Amino acid sequence: MTYEPVSHELAQVNIARLRFPLDSPELKDFVDALDPVNATADAANGFVWRLESDSGNATDIAVFGDEWLIVNMSVWRDTDTLTAFMYQGQHRELLARRREWFERVSEAMATLWWVPAGHRPSVAEAEERLVHLREHGPTPYAFTLRTSFPAQEAEAVSRSA
């Protein structure tokens, strides 16, 4: 069996506005679950990369200049592998409890986009994609799991899309 080289990988970012400080008792369950969930992601089928600082996670990386926002960013082989990880196991359990830890926000807090294989997106790039989604809705430049676009459309897209 031969495989064609992968030309694109799927980048995802999601941000959340904390309801309490990270070191508060209210967030203890969330903080305690970070390392195990990240280890599960790292070993998941289709996982490529995730943003992390020296702490091993990304909770201390600034996003949109707001200390109450935390960021999670990763790269996956495709939407199927990302979805499979998101909706099973301990990650699914954490998703079910997100309202305990994070504020409800009306604007988009997550987006996806295709990157050239091997590219590792920056937080600034993720912020730009998220703003684009908020302003234009899903496009090949920034989209959602519900409204996704194939990787073949990624190269033809510019910021003005």
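This report walks through the helix packing, salt bridges and nonpolar cores of the structure above. Keep in mind that the model is predicted.

**Two helices that meet**

Let's start with helix α1, which covers residues 28-43, and helix α3, which covers residues 89-96. Their axes come within 9 Å of each other and cross at roughly 145°. The crossing of α1 past α3 is left-handed. If you want to find the spot on screen, look for Ala33, Pro36 and Val37 on the α1 side, and for Gln90, His91 and Leu94 on the α3 side. Sorted by type, the residues of this contact are four nonpolar, two polar and no charged.

**Charged partners**

Now for the salt bridges, of which the structure has 10. Here are three of them, with the closest distance between N and O atoms and the relative accessible area of each partner.

| Salt bridge | N to O distance | First partner | Second partner |
|---|---|---|---|
| Glu103 and Arg17 | 3.9 Å | Glu103: 39%, partly exposed | Arg17: 25%, partly exposed |
| Arg50 and Asp42 | 2.8 Å | Arg50: 11%, buried | Asp42: 36%, partly exposed |
| Glu100 and Arg97 | 2.9 Å | Glu100: 38%, partly exposed | Arg97: 28%, partly exposed |

Take Glu103 and Arg17, which form a salt bridge at 3.9 Å. Glu103 sits in the loop between α4 (98-101) and β4 (110-116), while Arg17 belongs to strand β1 (residues 8-17), so this pair ties together parts of the chain that are 86 residues apart in sequence. There is also a third player here: Asp66 joins Arg17 and Glu103 in a network of salt bridges.

The pair of Arg50 and Asp42 is worth a look too. Why does Arg50 count as buried? Its relative accessible area is 11%, and buried means under 20%, so Arg50 falls on the buried side. Its partner Asp42, at 36%, is partly exposed.

**The nonpolar cores**

Which residues touch the most other members of the largest nonpolar core? They are Phe30, Trp76, Phe85 and Phe102, in a core of 25 residues. The elements that each supply two or more residues to this core are β1, α1, β3 (69-76), α2 (79-86) and β4. Helix α1 gives the largest share, with five residues.

Trp76 is a good place to zoom in. Leaving out residues up to four places away in sequence, Trp76 touches a whole list of others, including Leu10, Ala41, Phe47, Val48, Leu82 and Phe85. Polar and charged residues turn up in that list as well, among them Glu9, Gln12, Asn45 and Thr81.

A second, separate core has 17 residues, among them Ala58, Leu69, Met73 and Val123.

**Zooming in on Ala41**

One of the residues touching Trp76 is Ala41, and Ala41 is part of helix α1. Is Ala41 buried or exposed? With a relative accessibility of 6%, Ala41 counts as buried. Beyond residues up to four places away in sequence, Ala41 touches Phe47, Trp76 and Phe85. The pairing with Phe85 shows how folding brings parts of a chain together: Ala41 and Phe85 are 44 residues apart in sequence, yet their C-alpha atoms are 6.9 Å apart in space.

Technical notes:
Residues are numbered from 1 along each chain as its sequence is written. This is a predicted model: local features need pLDDT of at least 70, side-chain atom pairs count only at pLDDT 80 or more; totals for chains, interfaces and linings use all residues. Side-chain values use heavy atoms; hydrogens and water are left out. Axes are lines fitted to C-alpha atoms, for helices over the stretch in contact, and angles run from 0 to 180 degrees between N-to-C directions. Helices (H or I, at least four residues) and strands (E, at least two) are DSSP runs, numbered from the N terminus. A crossing is left-handed if the near helix is turned anticlockwise from the far one by less than a right angle, and right-handed if clockwise. Contact means heavy atoms within 4.5 Å. A salt bridge is a side-chain nitrogen of Lys or Arg within 4 Å of a carboxyl oxygen of Asp or Glu. Buried means under 20% relative accessible area, exposed over 50%, partly exposed in between (1.4 Å probe, protein chains only). A nonpolar core is a set of buried Ala, Val, Leu, Ile, Met, Phe, Trp, Tyr and Cys residues joined through side-chain atoms within 4.5 Å.
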